[in-house]
Amino acid sequence: MTKFRQRFYVFDDNRPVPAVIRSYTPADFDELIVIQSETFPPPYPPEQWWNKEQLMQHVARFPEGALCIEVDGVLAGSITSLIVDYDPEGPPHSWAEATDGGYIRNHNPYGNTLYIADICVRPRYRKLGLGKWLIQSLYHVTVQLELARLLGGGRMPGYHRVAAGMTAEEYLDAVIRGDLKDPVVTFLLRCGRTPVGVAANYLEDEESCNYGALMEWRNPFKS
């Protein structure tokens, strides 16, 4: 498979703006780390931002799944994935276990599932819908590689506000019903992702109380 590249337009109010999603390269690494710092400010742990060694593993092992988006020539966000062999009946997993701590050395070209390791968009570009475009690009990869699903654990940054009165599972159910809104889970629902469960100790994340909402997109061309 060749590296990913897609040109299109996004809209800033009513103004079309040229954009491109492409595989990122070492020339992008410094800016990608800056974008991580803008996207995940404190209390998110800075040590969980990408480092150059991780980014080098991404482009070396699975460039088709290591994508960035430019808007009018400016790097505005990225999404990173790997292929894993996922068993829905298997034991719970953490983000670190699924992604090899972000180094994706466990990338398995013969696996059945495209696993999202990370998505980030610069705050000043979020009104353009770039996150949805990035996720849709990985739907294309899922279909082209004939994988069963796209899967990933989403943060639940709104959960800490209600954690004293409801479980993480109850919180996710409330977001699905529309009784509550969560910045990440609601966004993923809008992108076509379907929740499959909640994982405890998924990621060190104070706002999510370390929980993650596992959410998938099933390949419609696979039974």
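Reader: Why are strands S3 and S4 described as a pair?

Author: Two strands pair if DSSP finds at least two bridges between them, and six bridges join S3 to S4, so the criterion is met. The two strands run antiparallel. Ala-66, for instance, has Thr-80 in S4 as its bridge partner. The terms strand and helix themselves refer to DSSP runs, numbered from the N terminus: E over at least two residues for a strand, H or I over at least four for a helix. The model is predicted, and local features require a pLDDT of at least 70, side-chain atom pairs a pLDDT of 80 or more, while totals for chains, interfaces and linings use all residues. Residues are numbered from 1 along each chain as its sequence is written, and side-chain values use heavy atoms, without hydrogens and water.

Reader: What makes S3 an enclosed strand?

Author: A residue is buried under 20% relative accessible area, exposed over 50% and partly exposed in between, computed with a 1.4 Å probe on protein chains only. Six of the six residues of S3 are buried, so the strand is largely enclosed by the rest of the structure. In a regular strand the side chains alternate between the two faces of the sheet. Here both faces are covered, with Ala-66, Cys-68 and Glu-70 buried on one side and Leu-67, Ile-69 and Val-71 buried on the other.

Reader: With which strand does S3 pair besides S4, and how do you know?

Author: S2 and S3 are joined by five bridges in the antiparallel sense, and five satisfies the requirement of at least two. Ile-21 has Ile-69 as its bridge partner in S3. S2 (residues 15-23) also pairs with S1, in the antiparallel sense over eight bridges. Gln-6 stands opposite Ile-21 in S2.

Reader: Why are S1 and S7 called edge strands?

Author: The sheet is open and has eight strands in the order S1-S2-S3-S4-S5-S6-S8-S7, with mixed pairing. S1 (5-12) and S7 (194-199) each have a single partner strand, so one side of each is left without a neighbour in the sheet. Neighbouring strands are turned by 25° against each other on average, direction ignored.

Reader: How do you know that helix H1 packs on this sheet?

Author: Contact means heavy atoms within 4.5 Å, and H1 (residues 29-39) touches S3, S4 and S5. The direction of H1 makes about 95° with that of S4; such angles run from 0 to 180 degrees between N-to-C directions, with axes fitted to C-alpha atoms, for helices over the stretch in contact.

Reader: What makes Phe-8 and Trp-133 a stacked pair?

Author: Rings of Phe, Tyr and Trp (its six-membered ring) pair if their centres lie within 6.5 Å; planes under 30 degrees apart count as stacked, over 60 as edge-to-face and the rest as tilted. A search of the whole structure finds five aromatic pairs. In one of them, Phe-8 and Trp-133 lie 3.9 Å centre to centre with 15° between the planes, so both conditions for a stacked pair are fulfilled. Phe-8 belongs to S1 and Trp-133 to helix H4, 125 residues apart.

Reader: Which of these two residues is buried, and which is partly exposed?

Author: Phe-8 has a relative accessible area of 10% and is therefore buried. Trp-133, at 28%, counts as partly exposed.

Reader: Why is the pair of Tyr-159 and Tyr-171 called tilted?

Author: The ring centres are 5.4 Å apart and the planes stand at 55°, so the pair falls between the stacked and edge-to-face classes. Tyr-159 lies in the loop between S6 and helix H5 (168-177), and Tyr-171 lies in H5. Tyr-159 is buried at 5%, and Tyr-171 is buried at 2%. Together with Tyr-211 they form one aromatic cluster.

Reader: How do you know that the charge of Arg-105 sits over a ring?

Author: The definition asks for NZ of Lys or CZ of Arg within 6 Å of the ring centre and within 35 degrees of the ring normal. Arg-105 lies over the face of Tyr-103, at 4.7 Å from the ring centre.

Reader: What makes the phi of Asp-13 worth noting?

Author: Most residues other than glycine have a negative phi. Asp-13 has a positive phi of about 60° although it is not a glycine. Asp-13 is placed in the loop between S1 and S2, and at 66% relative accessibility it counts as exposed.
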